[in-house]
Amino acid sequence: MREHIKRTENKLHKFLFALQIVRVINNNGKNRLNIFSCNSWIVFSCSLFFVLVLGMAACTSTPTVPKPRGYLRDDFPAKTYHVFDSTGFPYRFDIPAYAKITEDKKAYGYEPYFVNMQMPRYNATLHISYKRVQHNLPVLLDDTYNFVYRHVIKADDITETPFINRKRKVYGVLYELGGDVASSVQFYVTDSSRNFLRGSLYFMATPNKDSLAPSIAFLTEDIAHLMQTVEWK
C-alpha cells in the first residue's frame, strides 16, 4: 500500500516539474502559449494535492463493516402460577398467570382432554394431548420420539432432560431443540400404566432461533414447572 502511494507521489512530482518547464519555455519563446496563468497554476496544483490526500486517506481508512441485525428485547414478568384442575380431567398441573387453557377440539386425532395452553403475549401455544395407556406404552413412546426427531433436519441439536417423581408416579423427558425448528420445546410425562401426557410448543411466527431465543428460554421454565407439578387423578 505504501509503495503504491510513493509511486503516485513520484509521478505527480514529475508531472508538475514537466508543466513548469513547459511554462518557462512558453514564456521565453517567441510563441507564448500562456497555457497557465499564475492563478490557474496555483488552483491546479492545489487541486492535484487535494486529490492525492483523498486517495491516501481512502487507501488507509478502515472498511465499513455492516452491523448485525438486532432484535427487540421483551420484558418478562415475574413467575407466578395457579393450578389448572378442570372437573372430569384425569390430570392437574400448574400454569403461569399469563396463560389460559382452552380445549383443542381442532387438533388432529382429537380425543378428550386435548388442550391448548395459550400465551397471547408471546404469540405462543403449548399443545397438550392426553392418551390413556392400554398396554401400548411402547407405541406412545415411539410416536413421541418420532415426532421430536422428525425435526432433526433443521435442528442444530436436541437435548433430552429426564424427569422422575416416584412419589407422584410421574416419569418423562423434556426435549429442547436448537435451531430454526417449528417446535423448539416438547415433552412427555406418564405413570407408565394408565396416563400419558405429551406437549409441544409452537410460535405463530417464522422460526428464527435468534429472535425467539429469549421467549423460548422463558417459556421452557414454565413447561419444566408444568412437568414437575403434574398429578394424576
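Let's start with the largest pocket: 19 residues line it, and Tyr108, Phe114, Ser129, Phe147 and Arg198 lie nearest its centre. A pocket here is an open set of points on a 1 Å grid over the protein atoms alone, where a 1.4 Å probe fits and there is protein on both sides within 12 Å along at least five of seven lines; lining residues have an atom within 4 Å of a point. This pocket has a volume of about 520 Å³, where volume is the space filled by probe spheres set on the points, which are joined across faces, edges and corners. Strand 5, helix 3 (137–149) and strand 9 each supply at least two lining residues, and strand 9 gives the largest share, with 5 residues. Helices (H or I, at least four residues) and strands (E, at least two) are DSSP runs, numbered from the N terminus.

Bear in mind that this is a predicted model: local features need pLDDT of at least 70, side-chain atom pairs count only at pLDDT 80 or more, and totals for chains, interfaces and linings use all residues. Residues are numbered from 1 along each chain as its sequence is written, and side-chain values use heavy atoms, with hydrogens and water left out.

Now look at Ser200, which sits in strand 9. Its relative accessibility is 5%, so Ser200 counts as buried; buried means under 20% relative accessible area, exposed means over 50%, and partly exposed is in between (1.4 Å probe, protein chains only). Not counting residues up to four places away in sequence, Ser200 touches Thr125, Leu126, His127, Phe147, Ser183, Val185 and Gln186, where contact means heavy atoms within 4.5 Å.

Next comes the largest nonpolar core. Such a core is a set of buried Ala, Val, Leu, Ile, Met, Phe, Trp, Tyr and Cys residues joined through side-chain atoms within 4.5 Å. This one has 33 residues, and Tyr91, Phe93, Met119, Leu126, Leu197, Leu201 and Leu219 touch the most other members. Elements that give two or more residues include strand 2 (91–96), strand 5 (124–132), strand 9 (195–203) and helix 4 (209–229). Helix 4 gives the most, with 7 residues. As for Leu219, its contacts beyond four places in sequence are Tyr98, Met119, Tyr122, Ala124, Leu201 and Phe203.

Where does helix 4 lie? Helix 4 lies across strand 1, strand 2 and strand 10, running at about 155° to strand 2 (axes are lines fitted to C-alpha atoms, for helices over the stretch in contact, and angles run from 0 to 180 degrees between N-to-C directions). Those strands form an open sheet of 3 with the order 1-2-10 and antiparallel pairing. Strand 1 and strand 10 (231–232) are at the edges with a single partner strand each, so one side of each has no neighbour in the sheet. Two strands pair if DSSP finds at least two bridges between them; strand 1 (residues 81–84) and strand 2 have 4 bridges. Across that pairing, Phe84 stands opposite Phe93.

Finally, Phe76 is in the loop between helix 2 (38–60) and strand 1. Phe76 is partly exposed, at 29% relative accessible area.
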